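Q: Hey, I'm new to this one. Can you walk me through what's in it?

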Amino acid sequence: MNTVLIGSQWGDEGKGKVIDVLTDKADVVVRYQGGSNAGHTVIAEGKKRVLRLIPSGILHEGKVCVIGNGVVMNPLDLIEEIEAMRATGVEPKGRLFISTRTQMVMLYHRALDKAEEAARAPGKKIGTTGRGIGPAYAAKVSRTGLRCGDMLTAGFLDLVREQVEETNAKLRMLKAERVDAGDDIEVPGCTVKGYQLDADELVAIYRTVQEKLSPYVRDTVPMLHEAKKAGKSILLEGAQGTMLDIDFGTYPFVTSSNPTSGGACIGSGLSPRDIDCVVGVIKAYTTRVGEGPFPTELYNAVNLQDPDGKTMAERGHEFGAVTKRPRRTGWYDAVIARYAQQVNGVDYWALTKLDVMDVFPKIKICVAYELDGRRIDYMPSSAAELARVKPIYEEMDGWMCETSNVTRMEDLPPKAKAYVDRLVELSGGKLGILSIGPARESTLRIAL
Ligand code: GDP
């Protein structure tokens with residue numbers, strides 16, 4: 001049984017916890033897109049861990065973990081993550097494999113990310129996390145990227161030097177275009193002087209990377225197909241979420257990859273015929289980080305101060321796992337859910353953070369949008385249109401009591417059950433998992 005797990009909103013749906021729960025039934029866990037800008041939070045045995053690149057399957061003894069070709073992998077971050085794992089007694093060697101086809105995010109991509117953002121005029125800035133993810137995906141498509149398999153060849157360090165020199169030429173141009181005041185860009189982990197990187201320094205850094213990571217690199221396509229043939233279960237985990245997909249999200253306020261379920265095949269080498277089940281992780285309300293339209297938005301750190309939205313942010317601890325940026329919050333949006341169901345083929349929902357809604361006397365659900373005076377129930381393809389829509393709400397009674405200790409669906413307060421049923425009814429698919437707290441134990445497994 002091979003399962004794809006996706007985020008259904010703008011990321012941060014609590015995928016980390018659901019993946020951790022589903023890993024029980026998996027033999028192999030594959031991360032299929034994104035980079036180390038996304039982070040999953042897993043709480044296991046009372047310890048909180050933020051995983052950025054390594055699938056959380058690593059925390060389960062005996063599970064094999066794969067970083068697929070759809071990922072852009074920053075080797076320095078990965079080394080840090082491997083060492084942090086070791087420090088807590090988990091040894092990734094022998095269980096963690098990186099595809100030879102996985103693209104690498106290099107320090108010079110970070111420099112480009114910073115310099116390109118600094119050259120953008122105010123109001124035109126993308127608000128990137130500055131981790132080089134965008135430039136690394138751009139290099140992949142421009143066919144200048146370095147892949148992990150290159151580390152296994154003798155010419156690897158010459159390729160690094162070549163790329164640093166080419167990047168320095170681009171940086172000189174970007175310096176001339178710089179809009180921001182200030183002298184230089186900063187790239188943690190290497191020296192930058194007058195917008196120039198030191199090729200010798202970078203070659204030395206990547207020599208160490210090559211030594212440390214080469215043992216993890218292999219062609220993971222035959223490996224996955226052999227696992228499949230042997231009847232093993234594969235869990236493919238996406239980062240971010242549907243509304244951040246480069247094609248199906250709120251372009252241009254999106255990430256550089258395909259977090260949707262189609263991306264799982266492209267990013268792993270399994271075929272669409274190999275996928276048996278798609279699980280959509282979705283929160284009982286909505287959040288978004290960064291710029292871009294958000295129809296049901298109630299609260300943000302800038303200009304919206306709705307008290308219900310603030311309660312969601314506080315009770316849900318809505319701050320980025322890696323970036324620490326506060327998240328924007330709002331009511332559940334069933335238009336998004338239906339769209340996510342369609343583009344991903346969601347079989348089962350993993351509905352998370354229902355407990356955050358325990359304190360509201362009335363709860364709203366967005367059932368459709370009004371666009372330029374017309375009711376629509378589909379997702380507009382343009383961000384400008386989505387920014388103009390007004391949510392059409394339906395209101396339900398809240399249950400006003402704690403749900404975190406519930407252990408069976410039957411024991412859920414009737415009004416909470418009615419809310420969950422309505423969300424599923426409006427969204428399509430079936431309910432597979434209900435999550436009512438951050439811990440592994442606060443999970444009701446209904447169909448998965
Ligand atoms: P991901 O990127 O989708 O894995 O989401 P994050 O890890 O960034 O955010 C999920 C956060 O919500 C983490 O702090 C989790 O511990 C927490 N979380 C997950 N499920 C639940 C839940 O059902 N209730 C509550 N209160 N917190 C949850």
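A: Sure, and let's get one term straight before the pockets: Asp, Glu, Lys and Arg count as charged, while Ala, Val, Leu, Ile, Met, Phe, Trp, Tyr, Cys and Pro count as nonpolar, and the others, Gly among them, count as polar. Also keep in mind that this is a predicted model.

Q: OK, so by class, what lines the second largest pocket?

A: Its lining has 6 charged, 5 polar and 4 nonpolar residues. The space in that pocket comes to about 280 Å³.

Q: Which residues lie nearest the centre of that pocket?

A: Of the 15 lining residues, those are Gly 290, Glu 291, Asn 300, Val 302 and Arg 328. Glu 291 also turns up elsewhere: its backbone oxygen is 3.0 Å from a polar atom of the Arg 288 side chain.

Q: Where is Arg 288 found?

A: Arg 288 belongs to strand S14, residues 286-288. Arg 288 is buried but has no salt bridge.

Q: How far away is the nearest side chain of opposite charge?

A: That's Glu 297, at 8.1 Å from Arg 288. A salt bridge needs the nitrogen and the carboxyl oxygen within 4 Å, and Arg 288 has none.

Q: Switching topic: how many cavities of 30 Å³ or more does the structure hold?

A: There is 1. About 40 Å³ of space lies inside.

Q: What lines the largest cavity?

A: The residues around the largest cavity are Ile 282, Tyr 332, Trp 349, Leu 351, Leu 423, Val 424, Ser 427 and Leu 431. Strand S18 (348-352) and helix H12 (414-427) are the elements giving two or more residues to that lining. H12 has the largest share, with 3 residues.

Q: And how does that lining split by class?

A: 7 nonpolar, 1 polar and no charged residues.

Q: Tell me about Ser 427. Buried or exposed?

A: Ser 427 is buried, because its relative accessible area is 3% and buried means under 20%. Ser 427 sits in helix H12, and its side chain makes a polar contact of 2.9 Å with the side chain of Tyr 332.

Q: Back to salt bridges. How many does a search of the whole structure find?

A: It finds 24. One of them is between Asp 77 and Arg 131, with the closest N and O atoms 3.8 Å apart. Asp 77 is in helix H2 (residues 75-87) and Arg 131 is in the loop between helix H3 (107-119) and helix H4 (133-141), so this pair ties together parts 54 residues apart in sequence. Both Asp 77 and Arg 131 are buried.

Q: What about Arg 161, which residue does it meet?

A: Arg 161 meets Asp 200 in a salt bridge of 3.0 Å, N to O. Arg 161 is in helix H5 (residues 156-177) and Asp 200 in helix H6 (residues 199-213), so they link distant parts of the chain, 39 residues apart. Arg 161 is partly exposed, with a relative accessible area of 29%.

Q: Which residue does Lys 353 pair with?

A: Glu 318, and their closest N and O atoms are 3.0 Å apart. Lys 353 lies in the loop between S18 and strand S19 (362-371), and Glu 318 in the loop between helix H9 (307-315) and strand S16 (328-330), so the salt bridge ties together parts 35 residues apart in sequence. Lys 353 and Glu 318 are both buried.

Q: Which residues are joined with them into one network?

A: Salt bridges with shared partners put Asp 12, Lys 283 and Arg 327 in one network with Glu 318 and Lys 353.

Q: Last one: how many residues of helix H1 are buried?

A: 8 of its 8, so to speak from Lys 15 through Leu 22; helix H1 (residues 15-22) is mostly covered.

Definitions and conventions
Residues numbered from 1 in each chain as written. Predicted model: local features only at pLDDT ≥ 70, side-chain atom pairs only at ≥ 80, totals over all residues. Heavy atoms only, no water. 1 Å grid on protein atoms, 1.4 Å probe; cavity = no way out; pocket = protein on both sides within 12 Å on 5 of 7 lines; lining within 4 Å. Points joined across faces, edges and corners; volume = space filled by probe spheres on them. Helix = DSSP H or I, 4+ residues; strand = E, 2+ residues; numbered from the N terminus. Buried < 20%, exposed > 50% of the residue type's maximum accessible area, 1.4 Å probe, protein only. Lys, Arg positive; Asp, Glu negative; His and termini not counted. Polar contact = N/O pair within 3.5 Å; in protein donor to acceptor, adjacent residues only side chain to side chain.
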